[in-house]
Amino acid sequence: MHRTAILSALAVAFAGCSRPETKNTVIPGVSAAAQRTTNPNVPVVKFTDVTAKAGVKFHHENGGFGKKLLPESLNGGCAFLDFDNDGNQDLLFVNSCPWPGYEHKGNPAPTMCLFRNKGDGTFEDVTAATGLNVTFFGMGVAVGDYDNDGWTDVFITGVGGNHLFHNVPASQKSEVAKRKFVDVTKSAGDLVDSWNWPTAKGDEFLKHDRPLSFPSSTAFVDYDRDGKLDLFVCNYVAWSPDHDLTQPFVLAGLDRAFGPPTTFPGTNCQLYRNKGDGTFENVSKKAGIEVFDELRKPAGKSLGVIVLDADEDGWPDLCVANDTVRNFFFHNKGNGKFKEIGQQAGVAFVQGVARGAMGIDFAEYRPGQCAILIGNFANEEDALLRMVDQKRLLFNDVAAVEGIAGISRSTLTFGVFFFDYDLDGRVDFLVNNGHLEPEISKVQPGQQYKQPVQLFWNTGAPPGFELATKEKVGPDLLEPIVGRGCAFADIDGNGTLDVVLAENGGSPRLLKNEGGTGHNWVRIALEGNGTTTNKSALGARVTLKTGKTTQKRELVGTKGYLSSSELVLTFGLGKADRIDRVEVVWPCADRTPQVVADLAINKTHMIKQK
């Protein structure tokens with residue numbers, strides 16, 4: 001259960017969920033975990049690294065310059081989105097920057113990077129052409145059409161200030177980019193209140209003792225079901241460089257270590273209501289999003305959020321992954337307010353304790369059985385919280401029963417998501433791993449800074465998940481990285497889901513799913529009417545029926561950690577060669593399903609709200 005490697009005379013600390021251990025503690029090695037695959041039915045589906053071939057060139061700047069300030073260890077988000085509505089999934093990488101006064105002399109200021117999918121297997125850098133060549137200490141990203149004009153907008157969280165980018169026509173159209181993003185944060189109402197980046201530089205910046213805003217993951221959600229996308233923002237801890245640097249964080253007699261969240265005060269998440277006039281109102285307090293501990297201090301240390309309608313009452317709920325404190329479950333009461341029921345629901349703690357929770361996702365992983373997946377720190381297995389009573393909203397951890405407990409203990413997990421990588425009709429899941437401390441192997445031989453992804457195949461019956469080895473998925477996917485965010489999309493229109501992995505302080509990796517199972521599929525894009533339902537259709541529930549098999553999906557963008565996956569739903573059909581029925585329940589007051597029959601297989605279909 002412990003998080004740090006070794007207790008020094010002063011303190012040993014890592015970011016996110018640090019707890020003391022003895023010098024003799026040895027965490028199982030990653031290589032040992034990778035040996036476990038006993039199910040002979042795990043399919044051969046190779047993932048090929050096409051980063052260079054696709055023209056994706058990006059290097060993540062984490063801001064590090066030797067002082068090991070906490071935010072440097074946690075950043076690295078990414079997103080798939082179709083910003084130009086050409087049907088191809090584009091790729092966005094969030095970037096950070098050097099701290100004030102510690103810029104790299106002679107080098108251009110780092111910016112986020114947007115790559116346009118050209119539809120021929122390659123991408124082109126359109127960052128400058130689209131106006132996204134902006135420098136700030138970025139963290140996470142959410143995508144959605146907040147003004148219902150039919151074009152996907154982008155919201156990016158950042159230390160010292162968040163940014164809302166409106167997708168508008170480019171003033172000078174070209175083949176490179178016919179759209180442009182304009183930073184409208186200053187005119188977006190309460191969103192600008194997050195800005196508190198200090199003007200001091202160098203040593204004076206390091207003495208800054210007032211907490212800077214420190215958001216992490218974020219999500220678009222129409223919580224009040226008025227047809228307009230609102231914004232939910234996770235906030236991590238009350239952090240300042242002065243408080244960080246005055247703490248004795250060391251790594252077992254070595255150099256300075258990243259500090260744990262336990263030494264920083266907690267914070268509250270924020271909910272911003274979309275007023276429909278281009279501005280947002282902070283409704284966190286009156287909506288019940290603020291959570292306090294027994295001392296009336298903010299109780300959250302939030303890193304991940306997933307939007308889910310767990311009880312299918314038509315109102316989107318929110319589950320928040322917290323680091324070293326209890327997780328939150330915000331149940332939407334349908335009157336503009338939420339009730340935090342994490343403890344009653346069984347998601348606040350796992351096996352009675354608060355873990356170092358980072359990424360989070362939710363899915364129906366077996367017919368009639370839904371679960372919340374949470375990525376946790378090293379020596380803490382990932383949690384799989386299965387819903388055992390939908391009406392009462394009760395969950396319990398089935399990680400051990402479903403075969404992922406022991407095998408996930410050896411990694412430090414950030415990004416997570418459910419997806420059907422072999423198109424057999426059952427969702428599998430992937431976790432992106434990487435440690436915080438570059439020198440961790442010196443004090444824990446069983447740990448490494450760079451760690452391999454873990455891909456778990458859904459067996460369809462307990463134990464429900466089996467780890468895929470390099471013999472099954474190829475060596476490229478499992479190449480160790482300092483993993484943080486991750487996302488999936490079908491980048492080439494062939495129905496298989498491809499993957500991007502973001503690396504802290506390194507270069508991302510784009511992996512093409514080579515398929516090979518021969519399974520059929522269907523992809524469903526949704527478009528709300530822009531009045532009763534948001535244009536992006538976020539929150540819609542799609543039920544697909546093929547013979548005796550029924551699959552259910554909710555359309556959400558934000559998944560895992562700091563990242564967003566494509567806003568298209570992919571259903572694997574296995575050997576089924578026809579679709580009997582598709583039902584869409586739109587995220588609006590009218591819950592009558594819109595029924596579509598006889599959809600052709602192995603195609604992408606657009607379903608518009610009637």
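**A guided look at one sheet and its surroundings**

Guide: Welcome! In this predicted model, 4 strands make up an open sheet, ordered β31-β30-β33-β34, with antiparallel pairing.

Visitor: What makes β31 and β34 edge strands?

Guide: β31 (549-554) and β34 (594-596) each have a single partner strand, so one side of each has no neighbour in the sheet. From one strand to the next, the twist averages 15°.

Visitor: How do you know that β30 and β33 pair?

Guide: Pairing takes at least two bridges between two strands. Strand β30 (residues 541-546) and strand β33 (residues 581-585) have 5 bridges in the antiparallel sense, so they count as paired. At one of these positions, L544 has V582 in β33 as its bridge partner.

Visitor: Why is V582 called a core residue?

Guide: A nonpolar core joins buried residues of certain types, Val among them, through side-chain atoms within 4.5 Å. V582 belongs to the largest such core, which has 50 residues, and is among those with the most contacts inside it. Leaving out residues up to four places away in sequence, V582 touches I524, V542, L544, V595 and I607, among others. A second, separate core has 41 residues, including V283 and F328.

Visitor: Why is the protein chain, with its 6 helices and 35 strands, called as compact as a globular protein of its length?

Guide: The radius of gyration is 22 Å, and the globule rule gives 25 Å for 610 residues; the two are close, so the description fits.

Visitor: How much of the protein chain is buried?

Guide: With buried meaning under 20% relative accessible area, buried residues make up 63% of the 610.

Conventions. Residues numbered from 1 in each chain as written. Predicted model: local features only at pLDDT ≥ 70, side-chain atom pairs only at ≥ 80, totals over all residues. Heavy atoms only, no water. Helix = DSSP H or I, 4+ residues; strand = E, 2+ residues; numbered from the N terminus. Axes fitted to C-alpha atoms, helices over the stretch in contact; angles between N-to-C directions. Buried < 20%, exposed > 50% of the residue type's maximum accessible area, 1.4 Å probe, protein only. Contact = heavy atoms within 4.5 Å. Rg over C-alpha atoms; globule rule 2.2 N^0.38 Å.
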